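Hi there,

Here is the structure I promised to pass on to you. Have a look through it first, and then read on for my notes.

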Amino acid sequence: MPDGKQVTLARMRAGQSGMVLRIEGGHGLVNRLNALGIIPSKRITKISSMLMRGPVTIEVNRAQIAVGLGMASKIIVELDEVPA
Amino acid sequence: MRKIVLIGNPNVGKSVVFTRLTGINVVVGNYPGKTVEYKRGHMKLGGETVEVFDAPGTYTLDPISDAEEVAVRMLSSADTVINVVDATNLERNLYLTLQLSERKIPMIIALNMWDDTKHRGIMIDLDKLRELLGVPVISTVAVTGEGIKELVGNIPRAISARNPARSRDERWTTIGSIIEQVQRVTHRHHTWRERLADASVKPITGGIIALVVLAMAFLVIRFIGESLIGYVLEPLFNSLWAPVLSKLSGLLGGSGLLHNIIIGKLIGGEVDFVQSFGLLSSGLYVPFAMVLPYVLSFYLVLGLLEDAGYLPRLAVLMDTLMHRLGLHGYAIIPTLLGLGCNVPAILATRILESKRERFIAATLISIAIPCAALQAMIFGLVGAHGGQYVVIVYGTLFAVWIILGIILRHVVRGFTPELLIEIPPYRLPLWRAVLQKLWMRAYGFLKEAVPIILGAVLIINVLYFVGIFDMFANFTAPVITNLLGLPKEAVTAVVIGFLRKDVALGMLAPLALSAKQLVVGSVVLAMFFPCIATFVILLRELGIVNMLKSAGIMISAALITGGLLNLIL
């Protein structure tokens, strides 16, 4: 399979990395994420997610950013291929 | 006077650069029309004195929050801009840099955190970066002072690159190409600080770390506060000030209106700093010996937590709980500030985006978060009857915070946006910056509190003398005695609570209340109504209609909680 699996950031597991494909949200969300450097084609790594639908923490450009779960569900990521 | 504005992303060490440039004479101001604080100081440049402004941190010049809007507005009055850039996160920081380079303001870049690049395996070609950006770039390590002299020396060489305006995508493309040419990153192992950073945003380890940090913070605050009181201020007042007052008391004849105003009532023939209630006794003792020590220790610990970068992690951990209260995790920061003073706390609710959140956060803070002054008095007076009573007061306020938050979440309309924040790496705080902040906060407390405390003591004595309190006490006696189980004289404390809550609680001291009555009294005082300073800020922040709603919630919540406590205890 040439393309990696596509999932939302919310569904990524801690420790997984991938590339942001698109942001399925309005202008406001795209702008806010843009300010923090979360833009399509950017590589991110998920560090953790909180229990009970809490925010997820990711690493982008060596900086850590906490993203609410709702927003994280709108960020589509293509997972890196992990050798079997 | 020429104006230099420091601008940069949040958490890039901008304030430390500012501290290095300006030294001690720093003023914290409120931006006109906005409740956003900024710092202003002066520095020598050549033979000339110039003004330096520390703008609020912003990621872009297309502002999302009020703080960012202030940063953008300050820019328009700047003669020179120092763009502080985090060298370890060049890519994201350059977005703002590129936007700045499209303006016609002379700019110079302080590439800060330069030392971190080395152990993070990042190599940056400074000459190439200068060439590509077309402005001076100076590497700095603000915490140690490295590069600051060179930065100052290069300020006159600041120029505008006068880049044409670009679109968002064009900027990111340009940044990609700049990064390609100037930066090399090699792989390296995680440092212990990074491991700790990761652990503190994971559910289980993060929870444990939060408990340890908060418990330590509490113990340190108590230890420093108690030590200052027990070993420094109490001895000072007792050995130096008490003899002066008893002489003065003799000169004034030992009683009468003037004596009561200046010295206060003698308790058992002696001046009692807590109970006498004169200008020179309680009027000075309460702010300086009871409250100031806790204000100092609280703000010291808070400043350390802020500068170490812990608070955003607490916001992540608390996010789920805070959503139950109609807030998001970031609201924990104003709430913590409220434990120092409600005024900056309510100002800080500005970091929350929606009106609904601000209303809920401000209301919850003014009801359930006791300020350091009030807490100092709770520890002093209620604690004298035993620690368990202090626990009851705090437990009650915490329960009120949760229950009222849940109610407000369901009742207040509007929406609460989600958390989206950067979590800076852990950093060792710079003592100079921590102490500068502590000094500004402590000075702010004294400037605000002392005149109001003295005024309150004066008014109380005069009102006592003309008998207004007796009238008022008789009038409200049914509520106070039947519902709350307090003596009718306690109503004066509730009224004075509007001026200063610490003074008000002090007024309960001479009433010889039982431990239970003190608990009820403390809780009711904490919740009933904000002090005048908080009231003014609430009015400005919420507007009159919402302020009235908020006040209605406060009064009913205070009476219900006080009544329940009276029944249960």
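Let me start with a helix pair in chain B: α9(B) and α11(B) pack with their axes 9 Å apart, at an angle of about 150°. The two helices, α9(B) and α11(B), are therefore roughly antiparallel to each other, and their crossing is right-handed. Please keep in mind as you read that this is a predicted model.

The contact between these two helices has a long list of members. On the α9(B) side you will find, among others, Ala217(B), Val220(B), Ile221(B), Ile224(B), Leu228(B) and Phe237(B), and they meet a set in α11(B) that includes Tyr285(B), Phe288(B), Pro293(B), Leu296(B), Val301(B) and Leu305(B). Sorted by class, the contact of α9(B) with α11(B) has 18 nonpolar, 2 polar and 1 charged residues.

While you have α9(B) on the screen, look for Arg222(B), which sits in this helix, residues 203-251 of chain B. Is Arg222(B) buried or exposed? Neither label fits: Arg222(B) has 13 C-beta neighbours inside 10 Å, so it counts as partly exposed, given that the cut-offs are 20 or more for buried and 12 or fewer for exposed. If you want a distance to check in your viewer, the C-alpha atoms of Arg222(B) and Val316(B) are separated by 26 Å, with their positions 94 residues apart along the chain.

Helix α11(B) has another partner that I'd like to show you. Its axis (residues 282-308) and that of α21(B), residues 501-508, come within 11 Å and cross at roughly 110°. These two, α11(B) and α21(B), are therefore roughly perpendicular to each other, and the crossing is right-handed. The residues that make the contact are Ser282(B), Val286(B) and Val291(B) from α11(B), with Asp502(B), Val503(B) and Gly506(B) from α21(B). By class, the contact of α11(B) with α21(B) divides into 3 nonpolar, 2 polar and 1 charged.

One more helix pair in chain B is worth a look. The axes of α15(B), residues 355-368, and α23(B), residues 532-568, come within 9 Å and cross at roughly 65°; this crossing is right-handed. From α15(B), Arg358(B), Phe359(B), Ala362(B), Thr363(B), Ser366(B) and Ile367(B) take part, meeting residues of α23(B) that include Leu538(B), Glu541(B), Asn546(B), Ile553(B) and Ala557(B). The residues in this contact of α15(B) with α23(B) divide into 8 nonpolar, 5 polar and 2 charged.

Now to the strands of chain B. Strand β1(B), residues 3-8, is mostly covered, with 5 of its 6 residues buried. It pairs in the parallel sense with β4(B), residues 48-54, over 4 bridges, and here Lys3(B) stands opposite Glu51(B). β1(B) also pairs in the parallel sense with β5(B), residues 80-86, over 5 bridges; in that pairing Leu6(B) has Ile82(B) as its bridge partner.

What about the two chains together? The contact between them takes 26 residues from chain A and 27 residues from chain B. On the chain A side, the elements that give two or more residues are α1, β3, β5 and α2 of chain A, and β5(A) gives the most, with 5 residues. By class, this side of chain A divides into 13 nonpolar, 10 polar and 3 charged residues.

That leads to a sheet that takes strands from both chains. It is an open sheet of 7 strands with antiparallel pairing, in the order β1(A)-β6(A)-β2(A)-β3(A)-β4(A)-β5(A)-β12(B). The edge strands are β1 of chain A (6-8) and β12 of chain B (420-423), each of which pairs on one side only. From one strand to the next, the twist averages 40°.

Where does chain B join this sheet? β12(B) is linked to β5(A) by 4 bridges, and the two run antiparallel; Val67(A) stands opposite Leu420(B) there. Further in, β2(A) (residues 17-23) and β3(A) (residues 43-49) run antiparallel and are joined by 3 bridges, with Ile44(A) as the bridge partner of Gly18(A). Helix α12(B), residues 311-324, packs on the sheet, where it touches β4 and β5 of chain A as well as β12 of chain B, and its direction makes about 140° with that of β12(B).

Happy browsing, and do write back with your thoughts.

Best wishes

Note on methods:
Residues are numbered from 1 along each chain as its sequence is written. Chains are lettered from A and ligands numbered from 1 in the order in which they are written. This is a predicted model: local features need pLDDT of at least 70, side-chain atom pairs count only at pLDDT 80 or more; totals for chains, interfaces and linings use all residues. Axes are lines fitted to C-alpha atoms, for helices over the stretch in contact, and angles run from 0 to 180 degrees between N-to-C directions. Angles under 35 degrees count as roughly parallel, over 145 as roughly antiparallel, 65 to 115 as roughly perpendicular and the rest as oblique. A crossing is left-handed if the near helix is turned anticlockwise from the far one by less than a right angle, and right-handed if clockwise. Two residues are in contact if their C-beta atoms, placed from the backbone, lie within 7 Å. Ala, Val, Leu, Ile, Met, Phe, Trp, Tyr, Cys and Pro count as nonpolar, Asp, Glu, Lys and Arg as charged, and the others, Gly among them, as polar. Two strands pair if DSSP finds at least two bridges between them.
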